[in-house]
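Trainee: I am new to this structure and would like a close look at a single part. Please take me through the place where the ligand sits.

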Amino acid sequence: MQDEELRQKIKELVTDEEVAKQVLMTRELMTCYRCAIMEVETKFRVLDEKFSLHGERNPIESIKSRVKSPESIVEKLRRKGLAMTPEIVERELNDVAGVRVICSFVDDIYTLADWLTGQDDITLLRVKDYIKNPKPNGYRSLHLIIAIPIFLDDCKRNMKVEVQLRTITMESWANLEHKLRYKKDLDEEVVAKISKELFECSQLCDLLDAKMSHVKSVVAMHEDDDD
Ligand code: 0O2
């Protein structure tokens, strides 16, 4: 069969009605991901308040969320050799909904992660601890893939959300590395030099986080003495 003939056959198989159905299902799915993000954000805001009751401070500096862009979804599926359908997106991708929580100190990250995953409506699907095991380039963050229920008018649906927890220093390092990664016009030698410097920066960030945690514990000790 010639290419043109084949194209025609495919067009006949995919009717306008089927296309409209897929579009509607995709829009519904994206709405569900947005709702899941809202649920996770609220949980973190509540945890931030709960934490402040114990420690008289708020551990969360900021929360940034995003639904993956359609271009990034298509690109990720293409790399995996998969087609773009709502079912495949939901089954194969863990990071369509992403919530990033920026914390003051490293131990706050683990406390918040434990509190979140200890809640009985949250299912922990996967943990990637790039703080204990940084990536070779120096990337550090705690990644959790969770499933969270959202309640729609007629049903309950479990949605996957990728939660990234990191400190302010980890965030500024990742933002810089991300910007440089997409600079395509640099020659190999420059890329190697930048990568080395970025790795060194990551080690300095690690040291800074450790020193700040130490200062925090010294301050806490003195506060206890004052009581
Ligand atoms: P964006 O724009 O942030 O969404 P997976 O198929 O999910 O198992 P993946 O995607 O490699 O495998 O998962 P991983 O390693 O947990 O990383 C997912 C996300 O973490 C990335 O999303 C980044 O946000 C962040 N990340 C991971 N490694 C690095 C890194 O070396 N540098 C920086 N700056 N960020 C990193 P996306 O999809 O790449 O992009």
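**Around the ligand**

Mentor: A polar backbone atom of Ala174 is 3.1 Å from a nitrogen atom of the ligand. The protein buries 74% of the 760 Å² that the ligand exposes when taken alone. Keep in mind that this is a predicted model. The space that the ligand takes up is the largest pocket.

Around the ligand there are 18 residues, and those that come nearest are Arg66, Tyr130, Lys135, Asn137 and Glu177. Two of these names, Tyr130 and Lys135, are worth following further.

Start with Tyr130. An N or O atom in the side chain of Tyr130 is 2.8 Å from an oxygen atom of the ligand. For Lys135, an N or O atom in the side chain is 2.8 Å from a nitrogen atom of the ligand. Lys135 also has its charged end over the ring of Tyr130, at 5.1 Å from the centre of that ring. Tyr130 and Lys135 are thus linked to each other as well as being listed among the residues that come nearest to the ligand.

Now turn to the rings. The structure holds two aromatic pairs. In the pair of Tyr130 and Tyr139, the ring centres are 5.6 Å apart and the planes stand at 65°; an angle over 60 degrees counts as edge-to-face, so that is what this pair is called. Both Tyr130 and Tyr139 are buried.

One further lysine and ring can be set beside Lys135 and Tyr130. Lys132 lies over the face of Tyr110, and the distance to the ring centre is 4.1 Å.

To go back to the ligand, Tyr130 offers a side-chain N or O atom at 2.8 Å from a ligand oxygen, while its ring has the charged end of Lys135 over it and pairs edge-to-face with Tyr139.

Note on methods
Residues numbered from 1 in each chain as written. Predicted model: local features only at pLDDT ≥ 70, side-chain atom pairs only at ≥ 80, totals over all residues. Heavy atoms only, no water. Phe/Tyr/Trp six-rings, centres within 6.5 Å; stacked < 30°, edge-to-face > 60°. Buried < 20%, exposed > 50% of the residue type's maximum accessible area, 1.4 Å probe, protein only. Lys NZ or Arg CZ within 6 Å of the ring centre and 35° of its normal. Near = heavy atom within 4 Å. Polar contact = N/O pair within 3.5 Å; in protein donor to acceptor, adjacent residues only side chain to side chain. Areas by Shrake-Rupley, 256 points an atom, 1.4 Å probe, with all protein chains shown as cover. 1 Å grid on protein atoms, 1.4 Å probe; cavity = no way out; pocket = protein on both sides within 12 Å on 5 of 7 lines; lining within 4 Å. Sits in = over half its atoms within 2 Å of the grid points.
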